[in-house]
Amino acid sequence: MKRSPASSTRRLLLQAGAGVVAHMLARPASAQDAAAMAAAVTQFAGGQAVRKGRVKLEIAPLVDNCNVVPLRVTVDSPMTAGDHVAEIAIFNEKNPQKDVGRFTLGAQAGKADVATRIRLATSQKLVALARMNDGSVWSDTVEVVVVLAACIEGES
């Protein structure tokens, strides 16, 4: 069976497109990305040990429209004068700005629950941190797979 030149071209384009998608999904974070996010987390923690727990970062694990990705952070806290969340921060691994958002809270907030929408460049790790009024810092980490990338103009 003889293939037409248009059929061969179409097949090559489909294979190339599949290869690009596979590369975007499987591309690991560079050491520079991971180090930049770790530095942002360390700066937020201000010398305190970052502990896992109390914080829940809710975001879809598989995102197909990365221009508007909803996320929510909740923290297990009674939100009383003696025990409350002072600040919540969200960091990402691969976007140009590691600091996605910061929210200042106090006992008057009633509950530690914030929601927003973000734009993601590509598949990456996100970290939500909560600084309590006693200075302790708690975290949750989520890996997100982005099917169609956004914010990639400046990436190499």
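## A strand-rich predicted model

Let's start with Leu62, which sits in strand S3 (residues 62-63). Strands here are DSSP runs of E at least two residues long, helices are runs of H or I with at least four residues, and both are numbered from the N terminus. Keep in mind that this is a predicted model, where local features need pLDDT of at least 70, side-chain atom pairs count only at pLDDT 80 or more, and totals for chains, interfaces and linings use all residues. Residues are numbered from 1 along each chain as its sequence is written, and side-chain values use heavy atoms, leaving out hydrogens and water.

**The big picture**

The protein has 2 helices and 9 strands. Reading from the N terminus, the order is α-α-β-β-β-β-β-β-β-β-β. Of the 156 residues, 37% are buried, where buried means under 20% relative accessible area, exposed means over 50%, and partly exposed lies in between (1.4 Å probe, protein chains only). About 9000 Å² of the protein is exposed, and carbon and sulfur atoms supply 57% of that. Such areas come from the Shrake-Rupley method with a 1.4 Å probe, and for residues only the protein chains shown count as cover. Now take the contacts (heavy atoms within 4.5 Å). Among those with a separation of 6 or more, 67% are between residues 24 or more positions apart.

**Strands around S9**

Strands of a sheet pair through backbone hydrogen bonds, either parallel or antiparallel. In this model, two strands count as paired if DSSP finds at least two bridges between them. Here are some of the pairings:

| Strands | Direction | Bridges | One facing pair |
|---|---|---|---|
| S1 (residues 50-52) and S9 (residues 137-146) | parallel | 3 bridges | Lys52 and Ser139 |
| S3 and S9 | parallel | 2 bridges | Leu62 and Val145 |
| S8 (residues 124-132) and S9 | antiparallel | 8 bridges | Arg131 and Val137 |
| S4 (residues 69-75) and S7 | antiparallel | 6 bridges | Arg72 and Ala115 |

S8 and S9 also make a hairpin, with 4 residues between them. In its turn, Gly135 has a positive phi of about 95°.

**Back to Leu62**

Is Leu62 buried or exposed? Leu62 is exposed, because its relative accessible area is 56%. Leu62 also joins Val145, Val147 and Leu148 in a nonpolar surface patch, with about 350 Å² of accessible area together. Patches are made of residues with over 30% relative accessible area and no salt bridge, joining like charges within 9 Å and nonpolar side chains (Val, Leu, Ile, Met, Phe, Trp, Tyr) within 5 Å. A salt bridge is a side-chain nitrogen of Lys or Arg within 4 Å of a carboxyl oxygen of Asp or Glu.

**A second sheet**

An open sheet of 3 strands runs in the order S2-S4-S7, with antiparallel pairing. Its edge strands are S2 and S7 (113-118), each pairing on one side only. Neighbouring strands of this sheet are turned by 15° against each other on average, direction ignored. That angle uses axes, which are lines fitted to C-alpha atoms (for helices over the stretch in contact), with angles from 0 to 180 degrees between N-to-C directions.

**Arg54 in its loop**

Where is Arg54 found? Arg54 is in the loop between S1 and strand S2 (55-59). Arg54 counts as partly exposed because its relative accessible area is 28%. Leaving aside residues up to four places away in sequence, Arg54 touches Thr74, Val75, Asp76, Ser77, Pro78, Asp83, Met132 and Trp138. Arg54 and Val137 are 83 residues apart along the chain, with 9.6 Å between their C-alpha atoms.
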